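Morning, everyone. I have one structure to go through, and I will start with a single helix before moving to the overall picture.

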Amino acid sequence: MQVLSQHEGATAGTIANVEDIMQAVADHKGCGTTGGSGKASCGSAAGQGDLPTEIWEKVKNHPCYSEEAHHHYARMHVAVAPACNIQCNYCNRKYDCANESRPGVVSEKLTPEQAAKKVLAVASTIPQMTVLGVAGPGDPLANPEKTFKTFELIARTAPDIKLCLSTNGLALPDHVDTIAGFNVDHVTITINMVDPEIGAKIYPWVFWKHKRYTGVEAAKLLTDRQLQGLEMLTERGILCKVNSVMIPGINDKHLVEVNKAVKSRGAFLHNIMPLISAPEHGTVFGLTGQRGPTAQELKALQDSCEGEMNMMRHCRQCRADAVGLLGEDRSAEFTTDKIMAMEVNYDLDSRKAYQAKVEVERVAKVAAKQEELETLAGEMSDIKLLVSVATKGSGLINEHFGHAKEFQVYELSTAGAKFVGHRRVDLYCQGGFGDEESLETVIRAINDCHAVFVAKIGGCPKADLLAAGIEPVDQFAHEFIEKSAIAWFKAYLDKVNSGEIEHVERGDAEIRQGALISAA
Ligand code: CLF
Ligand code: SF4
C-alpha cells in the first residue's frame, strides 16, 4: 500500500502531470472545436453574451450553471435519496454521494414531505435561494419514488424554484420522460470515463436489473447508460452538466476524451472536480493512498478542456443537505427539529422584490468591471497571474482574512479578471487569536497567488504572507472584486514596466483534503 502525505502528493509528479495533460491537449487539437450542440459560450461567464435568451433564462440565476450567479444566488439540497446502485472507489456508503458531495460528510435524511417543508422554510428565510437540488446522499434515480415525490410537492408549493438533479446515470435512460415531465431544466451526470478499462479501476461493481456486474463489464454498462441518458436529455432541451472526478494516474489524461465525448452529445457544462481522498474517509482510494490533484494540475486540465464548452470552476463539492450560497453552508440552521418548529411564510412577492435588488447590484458590478477593464486597453504584457480573495458573497471583497473559510481565485491578465477556482482553508482566527498552524495551511492553499485581497488583516499574518511572497491587499475593502483586481493588476504592470519590481512566477498550491471533513 502506497500512502502519500499531502505534501508529497503535491510535489511528486506535479510537473510531469501538468506536461502530460498539456500534451494530451495538443494531441486532442483539431477535434476539440468540433463539438456540436455542446457549444455554450458563456454559461459560466458574466453575462448573456451570445447565449440564446431561452438558455440564459435557465442559467442566469442558477448558482452552479452560472459562475457570475453564484456570487448572488443560493441553492439547497434535500437528502431524500439514501440508496445507490453502483459503487465508486472514492465513496464510503456511510457518507453522502461523493459525486456531488465531499467524502466524510453525513446529511440528515428526510422524507419527501419533510423535504417540502424544508424548502418552504429556507425559501422564506433566504429569498435568493433559487434552486432545489436532489443530490443524494445516494443516487436520486436509485430512489425514484422519493425523488419524484419531492419534486411533485415542491413544484406545487413553490413554483418559482428551479428543480435540479444529480445522478451517476445508470438508471437515467429509464427516467428521462419523468424528469422532462416535472420540467426539470438541469441535470448533472457524473461521468469519470468513457473507456471501460479505465472505468474498472474506478467502479468495482454496478447493480442493474436485479443483477450485480463487476469489472470491465460493469464499467461498459455504466458508460453506455450514461452517454445514452445524456443524449436523451439534450434531445429534449434539458441542460446537462457533466461532473468528472479527476483521479491522477487513473483518469486525469483520459478526461480530455471524456470532455470531447460529452461535448459532442450536447452537454452544456463540464465540471472537473478534484478527488478528495484521505485515509480517514475509509474509501478504497483513501485507504490505498490514491492522491488527489494539486491546484496546478486541476487548473491545467480545466484550461485544456475549455474550448467551445464551458468549464465549471466554482463547484464546492457540497453536501447532500447543503443550504446557502456556494461556499457557505447554512444547513445547521435548518435541521428537521428546527424546520418542524418554524412558522413558514412563503411570500412570492417579497422573494421577487429581493431578487430585483440583487439584479441591480449585479448590473452595477458588471458595469464597474467593464469601466476598469478599459484602463488595460493598449497594455501589451503577456503576464498572467493569480490572486485570491476573501469574500462573503455579492462579488465584494468583504471578508476578514482571519474569518475566511475559503478564498476565491482569479486569473489576471490584460484580458481582465477571470474566476478560476477557490481554495478551502482552515480558519486562521480561532477565538480571537491567530492560529499559526492554520496560517501555514492557508499559505500552502494560496501559494500560487501573487496577492490576497481582504477586507481586513492583522499585522502578524500580513508579515508571514509577505515573507511567503504573497502581497496582502486591504486597500479595496468592500469594493467589487473584479474591478479591484483589475486596478491592482494595472498598477502591478506599471511597476513591472518601470523596473520597480520584477515579475516572478509562483509555485503550485495544495488542495485541502482534511479541512473538508468537518467544514459545515
Ligand atoms: Fe445541487 Fe448540483 Fe444542482 Fe447545483 S450542486 S444538484 S447542480 S443545485 Fe453545484 Fe454543489 Fe458543485 Fe453540485 S456546487 S456539488 S455542481
Ligand atoms: Fe457513492 Fe455516489 Fe458513487 Fe453511489 S454514485 S457509490 S453514492 S459516490
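Start with helix α5, residues 144–157. This is a predicted model, so a basic geometry check comes before anything else. The helix has 14 residues, and at 1.5 Å a residue it should span 20 Å; the C-alpha atoms at its ends are 20 Å apart, so the two values agree.

Which residues of α5 are buried? They are P144, T147, F148, T150, F151, L153 and I154. As for what they pack against, there are two helices and two strands to look at: α4 (112–125) and α6 (172–181), along with β3 (129–134) and β4 (162–167).

Now the nonpolar cores. The largest has 60 residues, and V78, M129, L132, I179 and L233 are those with the most contacts inside it. Helix α4 gives the most to this core, 7 residues. There is also a second, separate core of 34 residues, with L221, M273, L275 and L326 among them. As background, nonpolar side chains in soluble globular proteins tend to be buried together.

Take V78 as an example. Leaving out residues up to four places away in sequence, V78 touches L110, A115, K118, V119, L132, G133, V134, G136, T150 and A320. T150 is one of the buried residues of α5, which brings us back to the helix we began with.

Last, the chain as a whole. It has 17 helices and 18 strands. Of its 520 residues, 59% count as buried. Among contacts with a separation of 6 or more, 74% are between residues 24 or more positions apart. The accessible surface is about 20200 Å², and carbon and sulfur atoms hold 52% of that.

Technical notes. Residues numbered from 1 in each chain as written. Chains lettered and ligands numbered in written order. Predicted model: local features only at pLDDT ≥ 70, side-chain atom pairs only at ≥ 80, totals over all residues. Heavy atoms only, no water. Helix = DSSP H or I, 4+ residues; strand = E, 2+ residues; numbered from the N terminus. Buried < 20%, exposed > 50% of the residue type's maximum accessible area, 1.4 Å probe, protein only. Contact = heavy atoms within 4.5 Å. Areas by Shrake-Rupley, 256 points an atom, 1.4 Å probe, with all protein chains shown as cover. Expected span 1.5 Å × (residues − 1). Core = buried A, V, L, I, M, F, W, Y, C linked by side-chain atoms within 4.5 Å.
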